[in-house]
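Here is a friendly walk through some charged pairs, enclosed spaces and buried side chains. Please keep the viewer open as you read.

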Amino acid sequence: MNNPLIAEVAADVLGSASPEPADEALPALWSTVVELDWPLVSIDEDSGGAGGTLDDLLTLISAVAESGISLPLAEAAVARWALVDSGHDPAGLVVPASADAEGALHDVPWARHAQHLVVWREQSAPLLVDLAESRIERSTNLAGEPRDTVVLPESGGVALPQAPSRPEMLARAALLNAAGIVGAARGAHEITRAHVTQRHQFGRPLIAVKSVASALATMRTDLVSAEAALGRAREAHERDDAETLLAGTATAKIRAARAATSIARNAHQLHGAMGVTQEHSLHHVTRKLWAWRDEHGSERSWAIWLGREARALGEDALWTDLTAGV
């Protein structure tokens, strides 16, 4: 995420907002985000989007996550991206859903607040589904964000034959998820850095303690590594390079998930019990790290996929790829 102007705009919009429950209504900030067309960023204006680049969108998603605020920005962005040139522009919140092998829709993000779903199934074209007649069973992830089960009416929906394929959607969603993880990790690091700098013990700041400084440095290293992997994956998506797109996405998700685990652990160790109190800001980002690291493919599932792809390449091809540009 390299656009300082977009980051500055995001900071202005997010600066006065604070995390709020998302059970009964969308956070108040969502209407502002929609008015600013954030879910349409990276979609060409000629196609009904807001223009801008994929990097701009990742910057916005990362900034929202860093603030600790829960918004369906990544989900709405994936759904609107899928609807480009479809001839459909439904009003209200539209979110993506991926059916399992039996066709069931579980853990659908923000379904209770959405008006439509874009549903990807195993062997057929995606559908645009009106949720007006659907049954929604409420659930949440560890961050308290809606992850609902949806039972669709038998009438089905409108086919979207031009929409991206299921693998393309999964790759896009995973990339945006990794950007959110990186943002939440940055938020946890910044909160922790401020805490150990300002809090004193035995007449000196906590950061003067060698073990504390080492833990903070580890957090920073994990964050930079995840940012670098995300940047490489974004470049592959921008080039629409089929050969490296999925591998880059897998690497970004693996690095982001590992950073999420390490950074959340170190942040809470350096805060002690203070970090889990309702009044403290830390848990708003660390609960997202714990929840999001397993969404859109866990670290383990992406690592297994990447390992199989590497084995399929063969020893010579893998060595050539690893040493390219060295």
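Let's begin with Arg112, which is buried, with a relative accessible area of 14%. This is a predicted model, so side-chain atom pairs count only at pLDDT 80 or more. The side chain of Arg112 meets that of Asp148 in a salt bridge, with N and O 2.6 Å apart. The two partners come from distant parts of the chain: Arg112 sits in the loop between strand 2 (105–109) and strand 3 (116–120), while Asp148 belongs to strand 6 (residues 147–151), 36 residues apart. Asp148 is buried as well, at a relative accessible area of 0%.

**Charged pairs**

In total, 16 salt bridges are counted in the model. Three of them are set out below.

| Pair | N to O distance |
|---|---|
| Asp148 and Arg112 | 2.6 Å |
| Arg147 and Glu295 | 3.0 Å |
| Arg186 and Glu66 | 3.5 Å |

Strand 6 also carries Arg147, whose side chain forms a salt bridge with that of Glu295 at 3.0 Å. Glu295 is placed in the loop between helix 8 and helix 9, and this pair again links distant parts of the chain, 148 residues apart. Arg147 counts as buried at 5% relative accessibility, and Glu295 counts as buried at 16%. Salt bridges with shared partners join Arg147 and Glu295 with Glu75 and Glu145 into one network.

The salt bridge between Arg186 and Glu66 has its closest N and O atoms 3.5 Å apart. Arg186 belongs to helix 5 and Glu66 to helix 3, so the pair ties together parts that are 120 residues apart in sequence. Is this pair buried or exposed? Arg186 counts as partly exposed at 21% relative accessibility, and Glu66 also counts as partly exposed, at 30%.

**Glu145 and Lys288**

Glu145, one of the members of the network, lies in the loop between strand 5 (135–137) and strand 6. Its relative accessible area is 2%, so Glu145 is buried. Leaving aside neighbours within four places in sequence, Glu145 is in contact with Ser70, Trp110, Ser139, Thr140, Lys288 and Trp292.

Lys288 is found in helix 8 (residues 282–292). Which side chain of opposite charge is nearest to Lys288? That is Glu145, 4.5 Å away, and Lys288 is buried yet has no salt bridge. For a salt bridge, a side-chain nitrogen of Lys or Arg has to come within 4 Å of a carboxyl oxygen of Asp or Glu. The side chain of Lys288 does reach the backbone oxygen of His284, at 3.1 Å. Not counting residues up to four places away in sequence, Lys288 touches Gly68, Ile69, Ser70, Ala143, Glu145, Ala184 and Arg293.

**Helix 4 and the cavity**

Helix 4 (residues 73–82) is largely enclosed by the rest of the structure, because nine of its 10 residues are buried. Those buried residues are Leu73, Ala74, Glu75, Ala76, Ala77, Val78, Ala79, Arg80 and Ala82.

How many cavities of 30 Å³ or more are there? The count comes to one. This cavity has a volume of about 250 Å³. It is lined by 21 residues, of which Ile61, Leu71, Ala74, Glu75 and Trp292 lie nearest its centre. Helix 3 (54–67), helix 4 and helix 5 each supply at least two residues of its lining. Glu75 thus appears again: it is listed among the buried residues of helix 4 and is part of the salt-bridge network.

**The largest pocket**

The largest pocket has a volume of about 890 Å³. Its lining is made up of 24 residues, with Thr244, Ala247, Gly248, Thr251 and Asp321 lying nearest the centre. Helix 6 (210–239), helix 7 (242–271), helix 9 (299–313) and helix 10 (315–322) each supply at least two lining residues.

**Glu168 in helix 5**

One more acidic residue rounds off the tour. Glu168 lies in helix 5 (residues 166–198) and counts as partly exposed at 45% relative accessibility. The side chain of Glu168 reaches the backbone nitrogen of Ser165 at 2.7 Å. Along the chain, Glu168 and Ala242 are 74 residues apart, and their C-alpha atoms are separated by 9.7 Å.

Technical notes
Residues are numbered from 1 along each chain as its sequence is written. This is a predicted model: local features need pLDDT of at least 70, side-chain atom pairs count only at pLDDT 80 or more; totals for chains, interfaces and linings use all residues. Side-chain values use heavy atoms; hydrogens and water are left out. Helices (H or I, at least four residues) and strands (E, at least two) are DSSP runs, numbered from the N terminus. Buried means under 20% relative accessible area, exposed over 50%, partly exposed in between (1.4 Å probe, protein chains only). Lys and Arg count as positive and Asp and Glu as negative; His and the chain ends are not counted. A polar contact is a pair of N or O atoms within 3.5 Å; within protein, one must be able to donate a hydrogen and the other to accept it, and residues adjacent in sequence count only if both atoms are side-chain atoms. Contact means heavy atoms within 4.5 Å. On a 1 Å grid over the protein atoms alone, a cavity is a set of points where a 1.4 Å probe fits but cannot get out, and a pocket is an open set with protein on both sides within 12 Å along at least five of seven lines; lining residues have an atom within 4 Å of a point. Grid points are joined across faces, edges and corners, and a volume is the space filled by probe spheres set on the points.
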